[in-house]
Amino acid sequence: MFKASPSMMARLRFTTKSVNGGYYKGTRTGSMGHFDKKGNYVIDWKKVRTYVVPDDLAEFDLTPFVSKKVQPKRDQYVKQITTRTGRTVTVVDSLKGQDYINLWGDKNVEEVVARETAEEESKSGSSRPSQ
């Protein structure tokens, strides 16, 4: 059986900490071009990712948390918070993920209800014994 010697083990390590400068492991995203002889990066437009948007978004069925009714708040996100005393306070805060989901649910009630009924039907259908 083959057993690696300590000197060979040193060569097998491939981390940025154990290798001298110039080693870049990457993120497995692929390259968008190449370096020319002068060291400049040249973009190869055949390798660039392009994302195709459907032509008619009004009749497009897939809507993962995308709504035309939600207005973007680029500068500030203001939300109403009710305190323990019952007083409502307006707070300027950043938009968190759960806040966006709640806002999306408020604007798309029909879709939320349809999704909940579909989940209930799938649960009740899978719990029935097959005959």
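This passage walks through the fold, the surface, a strand hairpin and an aromatic pair of a predicted model.

The protein chain contains three helices and four strands. Read from the N terminus, its elements follow the order α-β-β-β-β-α-α, so a helix comes before the run of strands and two helices come after it.

Turning to the surface, the protein chain has 131 residues, of which 6% are buried. The exposed area amounts to about 12700 Å², with carbon and sulfur atoms contributing 55% of that area. As for contacts with a separation of 6 or more, 22% are made by residues 24 or more positions apart.

A helpful place to look next is the hairpin formed by β3 and β4. Strand β3 covers residues 77-82 and strand β4 covers residues 88-93; the two run antiparallel and are joined by six bridges. Within this pairing, Lys79 of β3 has Val91 of β4 standing opposite. Five residues lie between the two strands, and in this turn Gly86 adopts a positive phi of about 95 degrees.

The side chains offer one aromatic pair in the structure. Its partners are Phe35 and Tyr41, with ring centres 4.9 Å apart and planes at 70 degrees to each other. Because an angle over 60 degrees counts as edge-to-face, the pair of Phe35 and Tyr41 falls in that class. How accessible are the two partners, Phe35 and Tyr41? Phe35 has a relative accessible area of 59%, so this residue is exposed, the cut-off being over 50%. Tyr41, at 40% relative accessibility, is partly exposed, because this value lies between the 20% and 50% limits.

Technical notes:
Residues numbered from 1 in each chain as written. Predicted model: local features only at pLDDT ≥ 70, side-chain atom pairs only at ≥ 80, totals over all residues. Heavy atoms only, no water. Phe/Tyr/Trp six-rings, centres within 6.5 Å; stacked < 30°, edge-to-face > 60°. Buried < 20%, exposed > 50% of the residue type's maximum accessible area, 1.4 Å probe, protein only. Pairing = 2+ DSSP bridges. Contact = heavy atoms within 4.5 Å. Areas by Shrake-Rupley, 256 points an atom, 1.4 Å probe, with all protein chains shown as cover.
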